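Visitor: I would like to understand how the labels on a structure are earned. Could you take me through some of them, with the reasoning behind each?

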Amino acid sequence: MKFFEKLLIANRGEIAIRVMRACRELDIDTVAIFSDADKNALHVRYADEAFHVGEAHPSKSYLNMERIIDIAKKCGAEAIHPGYGFLAENYRFAKFCLDEGVTFVGPQWKTIKAMGSKIGSKQMMRSAGVPVLPGTDSGITDIDEAKKVAAEIGYPVIVKASAGGGGIGMQIVNDEKSLEEAVTGSQRIAKSAFGDATVFIEKYLIKPRHIEFQILADEHGNAVHLYDRECSIQRRHQKLIEEAPSPIMTDELRERMAESALKVSEVSNYTNAGSVEFLYSQGNYYFMEMNTRLQVEHTITEFITGVDLVKQQIAIAAGESLSFEQKDLSIRGHAIECRINAEDPLNNFAADPGKILRYRSPGGPGIRVDSGIHMGYTIPPNYDSMIAKLCAWDSTRLDAIRRMRRAITEYIVLGIKTTLPLHYAIMNNQQFIEGNTHTHFLQEEHILKTLERYKRDEETRMQTLAGSFDQGKKVAAITAAVNTYIQQKKS
Ligand code: MV4
């Protein structure tokens, strides 16, 4: 079945290619857009057609709604997939698509708008009976009222921007005397970052887990969840490792959380793919927010469920009914994703864009790599530092960890610093192996201490591997990779 003839992908990098791959399998023609910084990018070459959209700065290119719609109409694309980031959660863009007669692959603009307000969505979920953290019911306008609420729920509390996400404007407050300054500070940051100074407070949980549920809902009232993901390992509010399912999940907890997640989908009139984020602490979970887009970590859910989420998104956007029900779904095995970023984990994750001198990605059983890079490619400094996603699947969590270690040692990236050694250190960390992760995992000292050593090992290994690319040497890079791995284990 052909859902669309032609689809425009309003994004770049690995996610643009991910969406195009689904299109190719569905026999849908693909249209790429690219900025000045992306003329040589892989997503441009992968697409059937590609159009220049503007200057390198996102506001001039990947965020330029008028220009993108204009390209879609000129080339006859019937639908636009926004990927993640950029315009994916911009309700104005979703509305603009609707008004211009182009199908937006995502939820309705009103749903995106409603979920964009953290305080509004929290209120909506509280009335629907979904657990939420205690706090102010609306934006703070009166500091004495805020003090009263904070005293009732008890310190520490956290001040959050309603239009926020990504931790911007967030402040932890330990006592009443610090509250006023935190609130006014947050309001100022929220105003300048989002143009909306609305902030609220809620009970602060110490070292919670971040657990989210994947949802798919069609336009005919059918909705399913595709289980949970554990996303606790993050740095500066960017996830670094995700796994599916969550290592702490029990059947009983999953049943309750899934019911809440489907409730969230129902009361928000949700359609298409989305995920419901919860904070979990000491046996309790609380709705935090809904992400109204396909997420970076959708791949691990695809591994454990066998469902192609992008194809489902496209089918739903074309008005199709879901072709399966909840009872048709089950979890098979365990999947882990490591985000490979062009950055230095030992230098506060400073971005390290540049030319990739040598590159070979791992493969073999249960491995999936999604990337937008290749050997000789120069990573532009203008965009997100994530260059690839490495996913490993196996029948159990421990087997998946072992497979991930194997894949990391096969992965060759020369010329730039990456998060690969950090991932190797984490895959060998006892707390991680036992599933004891939380949102402040990376701040724990034992990870940083071991990292220095892994990084030295990694550099030596990479240098050895680099030789396998040199002219005249017959040995394949992959063999060299395995050899150095064996040597490393022996020593
Ligand atoms: C929280 C929290 C604890 N309690 N909310 C929200 C956005 C996400 N990026 C981080 N968020 C958090 N919300 C309550 N009620 C802990 C986090 C959190 C965090 C907070 C401060 C510093 C670092 C953090 C890392 C991960 C999660």
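**Reading the labels**

Guide: Take arginine 293 and glutamate 89, whose side chains meet in a salt bridge with N to O at 2.3 Å. Keep in mind that this is a predicted model.

Visitor: Why is the contact of arginine 293 and glutamate 89 called a salt bridge?

Guide: The cut-off between a side-chain nitrogen of Lys or Arg and a carboxyl oxygen of Asp or Glu is 4 Å. The N to O distance here is 2.3 Å, so the pair counts as a salt bridge. In general, side chains of opposite charge can pair when their charged atoms come close.

Visitor: What parts does the pair of arginine 293 and glutamate 89 tie together?

Guide: Arginine 293 is in the loop between β13 (284-291) and α10 (298-305), and glutamate 89 is in the loop between β4 (79-81) and α4 (91-99), so the pair ties together parts that are 204 residues apart in sequence.

Visitor: Why is glutamate 89 called partly exposed?

Guide: Its relative accessible area is 35%. Buried needs under 20% and exposed needs over 50%, so glutamate 89, with 35%, falls in between.

Visitor: How many salt bridges does a search of the whole structure find?

Guide: The search finds 36. One of them joins arginine 397 and glutamate 243, with the closest N and O atoms 2.6 Å apart. This pair links distant parts of the chain: arginine 397 belongs to helix α12 (residues 397-410) and glutamate 243 to strand β11 (residues 238-244), 154 residues apart.

Visitor: How do you know whether arginine 397 and glutamate 243 are buried or exposed?

Guide: Arginine 397 has a relative accessible area of 13%, and glutamate 243 has 2%. Both values are under 20%, so both residues count as buried.

Visitor: What makes glutamate 297 and arginine 339 a salt bridge?

Guide: Their side chains meet at 3.0 Å, N to O, which is within 4 Å, so the label applies. Glutamate 297 lies in the loop between β13 and α10, and arginine 339 in strand β14 (residues 334-341), so the pair ties together parts that are 42 residues apart in sequence. Glutamate 297 counts as buried at 1% relative accessibility, and arginine 339 is buried at 8%. Salt bridges that share partners join both residues into one network with Glu212, Arg229, Lys239, Glu242, Glu277 and Glu337.

Visitor: How many aromatic pairs does a search of the whole structure find?

Guide: It finds eight. In one of them, the ring centres of tyrosine 62 and phenylalanine 86 are 5.1 Å apart and the planes are at 35 degrees.

Visitor: Why is that pair called tilted?

Guide: The centres, 5.1 Å apart, lie within 6.5 Å, so the rings pair. Stacked needs planes under 30 degrees apart and edge-to-face needs over 60; 35 degrees meets neither, so the pair is tilted. Tyrosine 62 counts as buried at 0% relative accessibility, whereas phenylalanine 86 is partly exposed at 29%.

Visitor: What makes phenylalanine 213 and phenylalanine 278 edge-to-face?

Guide: Their planes are 85 degrees apart, over 60, with a centre-to-centre distance of 6.2 Å, so the pair is edge-to-face. Phenylalanine 213 lies in strand β9 (residues 209-217) and phenylalanine 278 in strand β12 (residues 272-281), so the pair ties together parts that are 65 residues apart in sequence. Phenylalanine 213 has a relative accessible area of 0% and is buried; phenylalanine 278 is buried as well, also with 0%.

Visitor: What makes the side chain of lysine 160 a polar contact of the ligand?

Guide: A nitrogen atom of the ligand is 2.9 Å from an N or O atom in that side chain. The limit is 3.5 Å, so this counts as a polar contact. Glutamate 202 also has a side-chain N or O atom 2.9 Å from a ligand nitrogen, and so does histidine 237, at 2.9 Å. The protein covers 87% of the 530 Å² of accessible area that the ligand has on its own.

Visitor: How do you know that helix α11 is mostly covered?

Guide: Helix α11 spans residues 309-317, and eight of its nine residues are buried. Leu309, Val310 and Ile314 are among them.

Conventions. Residues numbered from 1 in each chain as written. Predicted model: local features only at pLDDT ≥ 70, side-chain atom pairs only at ≥ 80, totals over all residues. Heavy atoms only, no water. Buried < 20%, exposed > 50% of the residue type's maximum accessible area, 1.4 Å probe, protein only. Helix = DSSP H or I, 4+ residues; strand = E, 2+ residues; numbered from the N terminus. Polar contact = N/O pair within 3.5 Å; in protein donor to acceptor, adjacent residues only side chain to side chain. Areas by Shrake-Rupley, 256 points an atom, 1.4 Å probe, with all protein chains shown as cover. Phe/Tyr/Trp six-rings, centres within 6.5 Å; stacked < 30°, edge-to-face > 60°.
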